[in-house]
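Here is a set of short exercises to work through with the model open beside you. Try each task before you read its solution.

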Amino acid sequence: MSDEFEHYNFDTLAVRAGQRRTGEAEQSEPIFPTSSYVFGSAAEAAARFSGEVPGNIYSRFTNPTVRSFEQRLAALEGGERCVATSSGMSAILSTFMALLQSGDHIVSSRAIFGTTSVLLNNYMAKFGVETSFVDLVDVAAWRAAFKPNTKLLFLETPSNPLTEVADIKALAELAHQHGAWLVVDNCFCTPALQLPLHLGADIVIHSATKYLDGQGRCIGGAVVGKEDVVGSEVYAFLRTAGPTMSPFNAWVFLKGLETLRLRMEAHCRNAQILAEWLQGHAKVKHVYYPGLASHPQHALAAEQQKGFGGVLSFEVEGGKQAAWRVIDSTELISITANLGDTKSTVTHPATTTHGRLTQQQRDTAGVSDSLIRVAVGLEDVEDLKADLQRGLDRL
Ligand SMILES: *Cc1c(COP(=O)(O)O)cnc(C)c1O
């Protein structure tokens with residue numbers, strides 16, 4: 001991040017970092033919808049292209065609005081450099097393409113975003129990068145999965161949909177003992193709740209589509225980390241391959257970051273109330289939420305995170321039919337697999353996000369037919385309770 005902001009605290013960075021006012025003296029950040037930039041002379045163009053003189057060249061890899069977003073997110077994550085991408089998936093792809101080569105090995109948590117598993121199994125494998133999948137919370141399993149060619153560890157914490165929590169510090173140490181990178185998808189917590197780089201991770205991935213926007217409007221992603229890895233390797237891939245964030249989307253995310261901490265606190269508050277209420281409900285078998293004392297990694301989450309997040313899941317009595325009944329009885333909560341929105345969403349993982357897995361894979365992952373996931377939004381929590389109560393009372 002630029003030195004001028006280094007001494008400010010999180011809330012100030014969220015609102016101010018990365019802003020560079022133009023000659024128009026605008027208060028709010030401008031959008032630069034331009035594909036290219038004009039040089040004063042042939043010599044200046046040559047100097048820019050060679051990298052001798054910094055500055056804008058072409059918006060595939062240099063755009064002032066995108067740069068503002070990158071600098072603001074880097075500041076919030078405590079990273080030296082951020083590269084914005086067109087989606088969360090292209091942030092993950094760009095990281096793999098930049099850091100790995102044929103013959104390398106990845107150890108990944110089994111409990112990752114479904115499309116990330118597909119990327120690893122169908123595409124990285126096709127180019128000779130093999131992945132071993134392990135239990136997120138079992139550090140011994142991560143250790144046992146190492147091979148001489150292991151280059152990268154990949155995880156999300158808390159996991160989706162069972163909200164298991166990984167020990168980032170322990171896994172960072174393990175990665176570094178073997179000269180591997182630890183890459184953390186920080187989508188569920190955001191820098192408002194968790195700073196993986198401070199805990200030893202090398203790279204943070206974001207689907208900006210989720211909480212960074214927070215209002216369900218745009219698709220985008222980001223990679224954050226050290227200048228000599230993200231600023232050099234990942235940026236070079238982005239410049240060449242072009243999974244670029246648009247200036248308009250960058251502007252939406254930039255404004256999203258300004259309210260990120262306030263929104264995350266409200267998501268956490270609503271989720272905690274809802275989790276405790278569900279835990280006490282007669283028709284609910286089990287609630288998965290790191291903020292509950294009964295959660296197996298409650299203490300770790302309390303130490304590692306500033307809040308327990310906005311996503312919870314629960315099992316009802318009566319299998320798929322009962323779960324669908326609860327979901328179909330909602331009138332307010334949106335039935336959609338998306339998350340990280342002001343609007344609460346509800347989904348049945350076994351037949352949607354985890355529907356492509358075999359029954360045995362679902363059993364291993366702990367995703368039962370009676371499981372319901374709620375990404376808790378910012379509506380009044382009493383209205384959310386009533387919306388779920390309607391279905392639960394019918395069971
Ligand atoms: C949504 C999501 C992604 C993918 O992001 P897109 O912006 O949809 O490409 C990656 N990781 C996690 C944890 C997600 O929830």
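**Exercise 1. Locate Asn-56 and decide whether it is buried or exposed.**

Step 1. Start with the chain: Asn-56 sits in the loop that connects α2 (42-50) with α3 (64-77).
Step 2. Bear in mind that this is a predicted model, and then look at the relative accessibility of Asn-56, which is 18%.
Step 3. Buried means under 20%, so Asn-56, at 18%, counts as buried.
Step 4. Now look for a partner: the side chains of Asn-56 and Arg-67 are joined by a polar contact of 2.4 Å.

**Exercise 2. List the residues around the ligand and sort them by class.**

Step 1. Along the chain, the residues around the ligand begin with Ser-87, Gly-88, Met-89 and Phe-113. The list goes on with Glu-156, Asp-185, Cys-187, Ser-207, Thr-209, Lys-210 and Gly-220.
Step 2. Sorted by class, this shell has three nonpolar, five polar and three charged residues.
Step 3. Next, find the backbone atoms that approach the ligand. A polar backbone atom of Gly-88 is 2.9 Å from a ligand oxygen, and a polar backbone atom of Met-89 is also 2.9 Å from an oxygen atom of the ligand.
Step 4. Then turn to a side chain: Lys-210 has a polar side-chain atom 2.6 Å from an oxygen atom of the ligand.
Step 5. Finish with the cover: on its own the ligand has 380 Å² of accessible area, and the protein covers 92% of that.

**Exercise 3. Describe the place of Lys-210 and what UniProt says about it.**

Step 1. Lys-210 belongs to the loop between β6 (203-207) and β7 (221-225).
Step 2. Its relative accessibility is 11%, so Lys-210 counts as buried.
Step 3. In an unreviewed entry, UniProt places the feature "modified residue: N6-(pyridoxal phosphate)lysine" at Lys-210.

**Exercise 4. How many disulfides does the structure hold, and why do Cys-82 and Cys-218 form no such bond?**

Step 1. Recall the chemistry: a disulfide is a covalent bond between the sulfur atoms of two cysteines.
Step 2. Count them: the structure holds zero disulfides.
Step 3. Take Cys-82. The closest cysteine sulfur is in Cys-187, 14 Å from the sulfur of Cys-82, and that is too far for a bond.
Step 4. Take Cys-218. Here too the closest cysteine sulfur is in Cys-187; the separation is 15 Å, so a bond is ruled out as too far.
Step 5. Check the surroundings: Cys-82 is buried at 3% relative accessibility, and Cys-218 is buried at 7%.

**Exercise 5. Explore the loop between β4 (150-156) and α7 (168-177), looking for unusual backbone angles.**

Step 1. Begin with Pro-158, which is placed in this loop. The peptide bond leading from Thr-157 to Pro-158 is cis, and omega is near -5 degrees.
Step 2. Move on to Pro-161, also in the loop between β4 and α7. Asn-160 and Pro-161 are joined by a cis peptide bond with omega of about 5 degrees.
Step 3. Continue to Thr-163, again in the loop between β4 and α7. This residue is not a glycine, yet its phi is positive, near 55 degrees.
Step 4. Add its accessibility: Thr-163 has a relative accessible area of 2% and is buried.
Step 5. For another positive phi, go to Thr-190, with about 65 degrees in a residue that is not a glycine. Thr-190 lies in helix α8 (residues 190-193) and is buried at 1% relative accessibility.

**Exercise 6. Are Asp-138 and Ala-302 buried or partly exposed?**

Step 1. Find Asp-138 in the loop between β3 (130-134) and α6 (139-144).
Step 2. Its relative accessible area is 33%, so Asp-138 is partly exposed.
Step 3. Compare sequence with space: Asp-138 and Ser-109 are 29 residues apart along the chain, while their C-alpha atoms are 9.6 Å apart.
Step 4. Now find Ala-302 in helix α12 (residues 298-304). With a relative accessible area of 44%, Ala-302 is partly exposed.
Step 5. Repeat the comparison: Ala-302 and Glu-265 are 37 residues apart along the chain, and 14 Å separates their C-alpha atoms.

Notes
Residues are numbered from 1 along each chain as its sequence is written. This is a predicted model: local features need pLDDT of at least 70, side-chain atom pairs count only at pLDDT 80 or more; totals for chains, interfaces and linings use all residues. Side-chain values use heavy atoms; hydrogens and water are left out. A residue is near a molecule or strand if one of its heavy atoms lies within 4 Å of it. A polar contact is a pair of N or O atoms within 3.5 Å; within protein, one must be able to donate a hydrogen and the other to accept it, and residues adjacent in sequence count only if both atoms are side-chain atoms. Accessible areas come from the Shrake-Rupley method with a 1.4 Å probe; for residues, only the protein chains shown count as cover. Ala, Val, Leu, Ile, Met, Phe, Trp, Tyr, Cys and Pro count as nonpolar, Asp, Glu, Lys and Arg as charged, and the others, Gly among them, as polar. A disulfide is a pair of cysteine sulfur atoms within 2.5 Å. Buried means under 20% relative accessible area, exposed over 50%, partly exposed in between (1.4 Å probe, protein chains only). UniProt positions are given in the numbering used here, feature names are shortened, and annotations may be inferred rather than shown by experiment. Helices (H or I, at least four residues) and strands (E, at least two) are DSSP runs, numbered from the N terminus.
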